[in-house]
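Reader: I am new to this structure and would like a close look at a single part of it. Could you take me through the charged side chains that pair with one another, and then through what surrounds them?

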Amino acid sequence: QVQLVESGGGLVQAGGSLRLSCAASARTFSSYVMGWFRQAPGKVREFVAAISRSGGNTYYADSVKGRFTISRDNAKNTVYLQMNSLKPEDTAVYYCAADSTYYSGSYYPDRLYEYDFWGQGTQVTVSS
């Protein structure tokens, strides 16, 4: 079992930045692909970004590409999401998730059902 705890959310003006953190309890944190998802009010939860076990490969949704950066520190059992140039449409609850599956090739999971463990979420609100 892996416990994930997000932090770093808050209220920010459009154009501003936030850095989200997700601390994991897993002793084998480096064995998980990590992802970030978000859910806006009245909308389905959607993929934001994913990072490989070593941190050497990253994958982003088109809506955040060039503005958000996912990274991880396996020594600290933590994954981050640096969010720059925030827009009001980025307002959502942000969730981190862990996936233990090993995929072949360059595939990275971007579906909710592919992730095994989820955090409780942190609210990000971007004002216009």
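Author: Searching the whole structure, which is a predicted model, turns up five salt bridges. Side chains of opposite charge can pair when their charged atoms come close. The part to look at closely is a network of salt bridges that links Arg38, Glu46, Arg67 and Asp90.

Arg38 is a good place to begin, and its side chain meets that of Glu46 in a salt bridge with an N to O distance of 2.7 Å. Arg38 counts as buried, at 6% relative accessibility, whereas Glu46 is partly exposed, with a relative accessible area of 35%. Arg38 also forms a salt bridge with Asp90, where the closest N and O atoms are 2.9 Å apart. Because Asp90 lies in the loop between strand 8 and strand 9 while Arg38 lies in strand 4, this pair ties together parts that are 52 residues apart in sequence. Asp90 is buried, with a relative accessible area of 1%.

The strands around this network deserve the same attention. Strand 4, residues 33-39, runs antiparallel to strand 5, and five bridges join the two. Within this pairing, Trp36 stands opposite Ala49 of strand 5. The two strands form a hairpin with six residues between them, and in its turn Gly42 has a positive phi of about 75°. Strand 5, which covers residues 46-51, is mostly covered, since five of its six residues are buried. Strand 5 also pairs with strand 6, residues 58-60, in the antiparallel sense over three bridges, and here Ala50 stands opposite Tyr59 of strand 6. This hairpin, too, has six residues between its strands, and Gly55 takes a positive phi near 90° in it.

The loop between strand 8 and strand 9, where Asp90 lies, also contains Ser85. Ser85 has a positive phi of about 50° although it is not a glycine, and Ser85 is partly exposed, with a relative accessible area of 40%.

Another salt bridge joins Arg111 to Asp110, with the closest N and O atoms 3.3 Å apart. Arg111 is partly exposed at a relative accessible area of 45%, and Asp110 is partly exposed at 23%.

Which charged residue is buried yet has no salt bridge? That residue is Glu114, for which the nearest side chain of opposite charge, Arg111, is 5.3 Å away; a salt bridge would need the nitrogen and the carboxyl oxygen to be within 4 Å, so this pair does not count as one. Glu114 is placed in the loop between strand 9 and strand 10. A polar atom of the Glu114 side chain does, however, lie 2.9 Å from the backbone nitrogen of Arg111. If neighbours within four places in sequence are left aside, Glu114 is in contact with Asp99, Tyr103, Tyr107 and Pro109.

Strand 9 leads on to a link of another kind, a disulfide that joins Cys22 to Cys96 with an S to S distance of 1.9 Å. Since Cys22 lies in strand 3 and Cys96 in strand 9, the pair ties together parts that are 74 residues apart in sequence. Cys22 is buried, with a relative accessible area of 0%, and Cys96 is buried, with a relative accessible area of 0%. The torsion about their S-S bond is about 40°, and therefore the disulfide is right-handed.

Terms used:
Residues numbered from 1 in each chain as written. Predicted model: local features only at pLDDT ≥ 70, side-chain atom pairs only at ≥ 80, totals over all residues. Heavy atoms only, no water. Disulfide = S-S within 2.5 Å. Helix = DSSP H or I, 4+ residues; strand = E, 2+ residues; numbered from the N terminus. Buried < 20%, exposed > 50% of the residue type's maximum accessible area, 1.4 Å probe, protein only. Pairing = 2+ DSSP bridges. Lys, Arg positive; Asp, Glu negative; His and termini not counted. Polar contact = N/O pair within 3.5 Å; in protein donor to acceptor, adjacent residues only side chain to side chain. Contact = heavy atoms within 4.5 Å.
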